[in-house]
Amino acid sequence: MAGLRVERDGHVARVTLARPERRNAFDAALIAELTDAFAGVGDARVVVLAGEGQSFCAGADVEWQRSSIDLSFEENVDDALRLYHMCEAIDRCPAPVIARVHGHALGGGSGLVACADVAVAAPDAVFGFTEAKLGIIPAVISPFVLPKIGQHARRYFLTGERFDAQTALRIGLVHELADDLDAAAERVVSELLSSGPAAVREAKRLIRERPAGQETAQIAARLRTSEEGQERLRAFLERRS
């Protein structure tokens with residue numbers, strides 16, 4: 001994968017955007033690589049998504065955007081769907097995804113942040129849904145961004161303005177700001193690895209599917225009677241690891 005580096009570190013999969021000369025902006029090839037990487041995490045218990053170089057992801061690559069000018073309506077639909085499937089692969093990744101954000105996270109880069117379960121950012125990181133500045137809108141990433149920032153999209157989707165990490169924290173796009181990003185990300189990794197592997201995946205599914213009533217009771221009972229649930233509950237009650 002030319003634009004992506006995928007490594008496995010025990011239970012942790014590390015996916016790193018590796019186009020630093022382009023500020024990790026994505027093109028068709030990187031979109032395909034990211035889709036494949038997140039579809040193939042296997043039994044990884046955590047995935048850390050990061051960017052190499054000075055930025056996390058500056059959004060869409062300029063040359064890729066230029067090529068879209070000559071595409072037909074149908075070709076543009078297909079192009080946009082590939083971006084949607086990339087976001088969906090990250091959002092629906094069965095393992096929790098941690099975004100480690102520094103430098104710029106613009107346009108689709110902010111979309112990537114929204115697809116993660118946990119986002120930690122450098123205090124000087126810069127965000128923005130800048131599409132309106134180019135006469136387009138963040139339609140494809142909106143199903144993933146709107147659940148995160150809600151009504152704040154009424155400002156930032158419309159203005160296309162850039163905003164700082166404190167604002168990203170306030171509106172819910174990121175969860176934590178940290179001077180030492182590696183330490184902050186690894187602390188979250190450690191918390192996730194200390195929880196039941198099946199429970200974490202089921203919890204992520206629960207958040208996405210939002211079941212109600214009888215179904216929630218059945219899910220709770222299934223987890224309580226599972227091998228993992230039984231052993232961890234007994235360990236807690238018996239004060240052992």
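The largest cavity holds about 50 Å³ of space, in a predicted model where local features need pLDDT of at least 70, side-chain atom pairs count only at pLDDT 80 or more, and totals for chains, interfaces and linings use all residues. Residues are numbered from 1 along each chain as its sequence is written, and side-chain values use heavy atoms, with hydrogens and water left out.

On a 1 Å grid over the protein atoms alone, a cavity is a set of points where a 1.4 Å probe fits but cannot get out, while a pocket is an open set with protein on both sides within 12 Å along at least five of seven lines; lining residues have an atom within 4 Å of a point. Volumes are the space filled by probe spheres set on the points, which are joined across faces, edges and corners.

Helix α9 (residues 197-209) gives three residues to the cavity lining, the most of any element; helices here are DSSP runs (H or I, at least four residues). Among the lining residues are Ala44, Arg45, Pro96 and Leu192.

Here's how the linings split, with Pro counted as nonpolar, Asp, Glu, Lys and Arg as charged, and Gly as polar:

| Space | Volume | Nonpolar | Polar | Charged |
|---|---|---|---|---|
| Largest cavity | about 50 Å³ | five residues | two residues | two residues |
| Largest pocket | about 950 Å³ | 16 residues | eight residues | seven residues |
| Second largest pocket | about 580 Å³ | 13 residues | one residue | eight residues |

In the largest pocket, Ala60, Gln65, Glu131, Leu134 and Ile136 sit closest to the centre, out of 31 lining residues. For the second largest pocket, α9 again leads, with five lining residues.

Note on methods. Helix = DSSP H or I, 4+ residues; strand = E, 2+ residues; numbered from the N terminus.
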